[in-house]
Amino acid sequence: MKEKIWIVDFGSQYTQLITRRTRELGFSNKIFILEDALARMQKGEYPEAVILSGGPQSVFEDTTDFSPLFSNKKIPVLGICYGMQIMGQFFGGKVERGTQGEYGKAEVTFEKIAQFKKLKNKFQAWMSHFDHVTKVPKDFSVIGKSANNLIAGMMHNERPLMAFQFHPEVEHTEQGREILSAFFELAGLKKDWSTNAMLELCAQEFKNLNDAKVLCAFSGGVDSLVAAMLAHREIGKNLFCFFVDHGLLRPQDHHHIELLKEHTPLQIEVIDAKDIFYSKLFGVKDPEEKRKIIGKTFIEVFEQKVNEYTKKKKINFEYLLQGTLYPDVIESVSPHKKGGKSVTIKSHHNVGGLPERMKLKLVEPLRMLFKDEVRQMGVQLGLKSEWVNRHPFPGPGIGIRVLGELSEASIKKVQLSDQILFEELTKQSLYQKCWQAFTVLLPVKTVGVKGDARAYEEVICLRMVNSQDGMTADWSQMPMSFLAHVSSRICNEVPGITRVVYDITSKPPGTIEWE
Ligand code: XMP
């Protein structure tokens with residue numbers, strides 16, 4: 001499948017949103033950095049339409065030759081924010097630096113034009129700009145103004161070129177989807193993005209695998225599960241899923257794997273590596289050190305298993321299946337991705353880093369998809385909604401939820417308390433009300449009373465957050481009665497715990513996990 005629309009990313013914080021909205025509306029698309037889009041266009045390769053994102057730059061500082069973007073008169077182009085300023089300047093209009101920017105909500109009034117006839121004339125739109133087009137180019141018309149009397153939209157009188165100073169892709173802009181649709185209508189595009197189209201696109205990744213054996217580091221989370229189901233559909237028995245039990249799982253994880261073994265066609269081998277992990281981890285206090293040990297041991301266990309397959313079963317793996325998603329592969333020019341050193345807050349343990357010597361080639365069938373699309377596809381592949389909507393669970397598991405030194409007893413305390421939290425969330429239909437929920441063992445002793453005796457025991461912290469992608473998060477405002485009930489059950493049922501606290505820190509400044 002060829003992507004219909006190219007989204008040229010000028011570094012807007014909303015570029016991924018443009019992609020998602022466009023797909024939601026039924027059109028395939030791909031994000032390009034400007035240089036790549038220009039290079040392709042110079043070779044005569046064009047999509048069916050182009051969207052220019054916003055960006056932090058100013059046209060006054062940019063000397064790029066944008067002509068390939070506009071030289072083919074048939075190609076529809078939508079400019080958003082900075083994209084509108086580029087279009088305005090390119091065609092000879094006037095762009096000026098305002099005395100003050102427009103940030104946040106602004107009221108916009110549309111002109112009565114055919115493209116907007118089904119839309120409200122006055123609406124709230126999301127603005128985030130300093131420069132703006134003060135005079136539209138010859139052959140363009142003003143199609144909208146903001147309450148500050150600034151030009152909020154323009155359109156070419158003959159060519160399919162449209163631009164907005166505001167962001168139709170964000171939720172804060174009323175009727176944003178309809179505004180984007182007006183452009184797609186103008187562009188005369190036919191819808192081509194659907195769950196079936198996604199399945200077809202992902203299936204292509206398996207086309208040339210022939211009879212090769214494919215290995216999957218299977219966690220049971222939605223990404224590896226959907227990737228594996230898809231792989232199984234394409235290559236059947238040539239897919240082998242290894243699930244490493246590092247002894248840092250919760251009861252719900254064991255149960256989940258059992259269900260998947262029973263109810264999916266996947267060949268899942270559970271590798272019991274608890275003893276190896278425990279022998280390396282016990283006695284280690286530092287969170288980063290724990291993460292590194294877990295990551296390294298994971299690879300060792302994995303490699304050992306692969307060697308065993310080669311020697312004993314004469315099965316040679318050629319590929320490694322991974323559930324990498326689109327946000328991880330987008331070559332974005334966003335400030336946080338390009339240049340600049342970002343500080344490592346936590347080194348995430350990822351099975352991606354298998355040693356070179358294993359010589360496995362990667363298959364990443366989900367690399368064009370967003371998480372919600374992966375979920376949608378999972379359902380289409382016959383997976384239960386509760387499997388595709390599970391909360392994320394970090395690779396190091398309970399290893400980073402017992403603060404400080406691990407021991408079998410401390411792991412047990414988290415397993416028991418987490419199970420109680422999970423049971424109550426499910427029972428009270430609150431599981432989907434938060435993005436992630438878990439318990440943490442705090443290694444401090446506090447005084448309490450149990451029965452008639454003094455107790456001097458540890459503390460369990462409940463952590464529940466709402467988030468979109470884990471990058472930022474708010475603590476979840478759960479019902480008091482729910483918190484009270486969970487607290488009471490944990491104090492009564494988990495030996496060694498006399499106190500339960502609730503973490504009311506957002507991210508930032510806190511992170512979601514405690515270590
Ligand atoms: P933080 O704690 O960084 O977590 O706010 C954001 C999200 O990432 C998960 N997380 C991890 N996932 N390995 C993982 O696979 C890790 O080492 C790790 N640390 C945090 C965390 O559970 C949350 O969903």
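Which element gives the largest share of the lining of the second largest pocket? Strand β2 does, with five residues. This is a predicted model. The domain assignment splits the protein into domain 1 (5-187), domain 2 (195-388) and domain 3 (401-502). The points below cover the domains, the second largest pocket, the largest cavity, a helix pair and some backbone details.

**Domains**
- Domain 1 spans residues 5-187, domain 2 spans 195-388, and domain 3 spans 401-502, according to the domain assignment.
- The centres of domain 1 and domain 2, taken over C-alpha atoms, are separated by 39 Å.
- Domain 1 puts 13 residues into the contact, and domain 2 also puts in 13 residues.

**The second largest pocket**
- This pocket holds about 460 Å³ of space.
- It has 24 lining residues. Closest to the centre are K30, I31, Y326, R367 and M368.
- Four elements give two or more residues to the lining: β2 (29-33), α2 (34-42), α6 and α11 (326-329).
- The β2 share, five residues, is the largest.
- Domain 1 and domain 2 each supply at least three residues to the lining of the second largest pocket.
- By class, the lining of this pocket has 12 nonpolar, nine charged and three polar residues.

**The largest cavity**
- The structure has one cavity of 30 Å³ or more.
- The volume of the largest cavity is about 60 Å³.
- Its lining is made up of R250, Q252, H391, D418, F422, L425, Y431 and A437.
- Which helix gives the largest share of this lining? Helix α14 (residues 408-427) does, with three residues.
- Four residues of the cavity lining are nonpolar, two are polar and two are charged.

**Helices α6 and α12**
- Two packed helices are described by the angle between their axes and the distance between the axes.
- Helix α6 covers residues 195-203, and helix α12 covers residues 371-380.
- The two axes come within 10 Å and cross at roughly 95 degrees.
- Angles of 65 to 115 degrees count as roughly perpendicular. Helices α6 and α12 are therefore roughly perpendicular to each other.
- On the α6 side, the contact uses T195, N196, M198, L199 and C202. On the α12 side, it uses E373, Q376, M377 and Q380.
- The contact of α6 with α12 has four nonpolar residues, four polar residues and one charged residue.
- Helix α6 also appears among the elements that give two or more residues to the lining of the second largest pocket.

**Backbone details**
- Most residues other than glycine have a negative phi, and most peptide bonds are trans.
- Where does K314 sit? It lies in the loop between α10 (287-312) and β13 (317-321).
- The phi of K314 is near 55 degrees, a positive value in a residue other than glycine.
- K507 and P508 are joined by a cis peptide bond, with omega about -15 degrees.
- The bond from P508 to P509 is cis too, with omega near 10 degrees.
- P508 is in the segment after β18 (497-502). P509 is also in the segment after β18.

Note on methods
Residues are numbered from 1 along each chain as its sequence is written. This is a predicted model: local features need pLDDT of at least 70, side-chain atom pairs count only at pLDDT 80 or more; totals for chains, interfaces and linings use all residues. Side-chain values use heavy atoms; hydrogens and water are left out. Axes are lines fitted to C-alpha atoms, for helices over the stretch in contact, and angles run from 0 to 180 degrees between N-to-C directions. Angles under 35 degrees count as roughly parallel, over 145 as roughly antiparallel, 65 to 115 as roughly perpendicular and the rest as oblique. Contact means heavy atoms within 4.5 Å. Ala, Val, Leu, Ile, Met, Phe, Trp, Tyr, Cys and Pro count as nonpolar, Asp, Glu, Lys and Arg as charged, and the others, Gly among them, as polar. On a 1 Å grid over the protein atoms alone, a cavity is a set of points where a 1.4 Å probe fits but cannot get out, and a pocket is an open set with protein on both sides within 12 Å along at least five of seven lines; lining residues have an atom within 4 Å of a point. Grid points are joined across faces, edges and corners, and a volume is the space filled by probe spheres set on the points. Domain bounds come from an automatic or database domain assignment.
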